[in-house]
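Hi everyone, thanks for making time this morning. I'd like to walk you through one structure, so please keep the sequence and the picture where you can see them.

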Amino acid sequence: MKKMLLGAAGLSAVLASCGTGVAPDGSGSGSVTQVRTEYRTASGQFVACDNVNNVVATTQVSVYFNVSGNVQTVDVGLRGNTTSQYDANYNARATGEQLAAIGNGSYRLTFNANPATGGFLPQSIVVTPNRAKVKIVTPTSDKAGSFHAAMTVNTGTATYSFNSRNILNGNVDVYPSCTVVSTTNEDV
């Protein structure tokens, strides 16, 4: 029995590293499909900018994910890719009712991430239903870092985690400064 439980825990860890998570009691599963921001380069890569047109900017982020089974709450956090340390302010909790359903078990969680002074990760996350339009930007400085989304789902009987670190379009490069070139009609 202990070997079987160890195997289940090991499988959950392997799946989470691939962007997929499964509740240990089978009450749910999920995966991140994409992380988008309100800033995108001309080549199509979503980025975050601490300053836009020389003004401190808030970056709106949308995490797109699939879940099956029960969802009571979803915790989302932004994690830096160059260090395992993070601040508790980089987390937010949404109830199942706050998630925007986009069909067939797919959801979107949109929030504002405020840049930290002198840092590359957001200072806080504020869940908001008002989605910004995507802006095409040109970074005016070298990349300062990058982040990915980490999620934990509470099904009511179990919790499970997954993240976007190892998926296509799952990481966001952060630049200290960007210039807006144009605004699209596309929502974050």
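Let's begin with contacts along the chain. Among contacts in the protein with a separation of 6 or more, 73% are between residues 24 or more positions apart. What you have on screen is a predicted model, with one helix and 15 strands. Of its 188 residues, 44% are buried. The accessible surface is about 9400 Å², and carbon and sulfur atoms hold 51% of that.

A word on confidence before we go further. The mean pLDDT is 81, and 78% of the residues reach 70 or more. Where is confidence lowest, and where is it highest? The lowest mean, 42, belongs to helix 1, residues 2-17, while strand 3, residues 39-40, has the highest at 97. Residues 1-16 have a pLDDT below 50, and that stretch makes six contacts in the model beyond near neighbours in sequence. There is also a stretch at residues 117-124 where pLDDT stays under 50, and here the model has 30 contacts beyond four places in sequence. So much for the caveats.

Now to the interior. In soluble globular proteins, nonpolar side chains tend to be buried together. Here, the largest nonpolar core has 27 residues, and the members that touch the most others are V63, F65, M151 and F162. Several strands give two or more residues to this core, among them strand 2 (28-37), strand 6 (59-69), strand 10 (106-115) and strand 13 (145-154). There is a second, separate core of eight residues, which includes V47, C49, V137 and Y175. Hold on to C49, as we will come back to that one.

Let me zoom in on F65. Which residues does F65 contact, once neighbours within four places in sequence are set aside? The list includes S31, V32 and T33, then V74 and L99, and further along the chain M151 and F162. S106 is on that list too. S106 sits in strand 10 and is buried, with a relative accessible area of 17%. Beyond four places in sequence, S106 is in contact with F65, N66, A100 and A101.

V32 gives us a way into the strand pairing, since V32 stands opposite F65 in strand 6. Strand 2 and strand 6 run antiparallel to each other, paired over nine bridges. Is strand 2 enclosed or open? Seven of its ten residues are buried, so strand 2 is largely enclosed by the rest of the structure. Strand 2 also pairs with strand 1, residues 20-22, again in the antiparallel sense, over three bridges. In that pairing, V22 has S29 of strand 2 as its bridge partner. The hairpin these two strands make has five residues between the strands, and in it G26 takes a positive phi near 80°.

For a two-faced strand, look at strand 8. In a regular strand the side chains alternate between the two faces of the sheet. Strand 8 has A92 and A94 on its covered face, with N91, R93 and T95 on the uncovered one. Strand 8 pairs antiparallel with strand 7 over five bridges, and V76 is the residue that stands opposite A92.

Back to C49, as promised. The count of disulfides comes to one, and it joins C49 to C178 with a sulfur-to-sulfur distance of 2.1 Å. The angle about the S-S bond is -80°, which makes the link left-handed. C49 lies in strand 4 (residues 46-52) and C178 in strand 15, so the pair ties together parts that are 129 residues apart in sequence. Are these two cysteines buried or exposed? C49 is buried at 1% relative accessibility, and C178 is buried at 1% as well.

One last residue, R40, in strand 3. Why does R40 count as buried? Its relative accessibility is 16%, and the cut-off for buried is under 20%. Its contacts beyond four places in sequence include Q45, F46 and V47, then V134 through to V137, and also T184 and E186. R40 and V180 are 140 residues apart along the chain, yet their C-alpha atoms are separated by 9.4 Å.

That's my tour; I'm happy to go back to any part of it.

Conventions. Residues numbered from 1 in each chain as written. Heavy atoms only, no water. Core = buried A, V, L, I, M, F, W, Y, C linked by side-chain atoms within 4.5 Å. Buried < 20%, exposed > 50% of the residue type's maximum accessible area, 1.4 Å probe, protein only. Helix = DSSP H or I, 4+ residues; strand = E, 2+ residues; numbered from the N terminus. Contact = heavy atoms within 4.5 Å. Disulfide = S-S within 2.5 Å. Pairing = 2+ DSSP bridges. Areas by Shrake-Rupley, 256 points an atom, 1.4 Å probe, with all protein chains shown as cover. pLDDT = per-residue confidence, 0-100.
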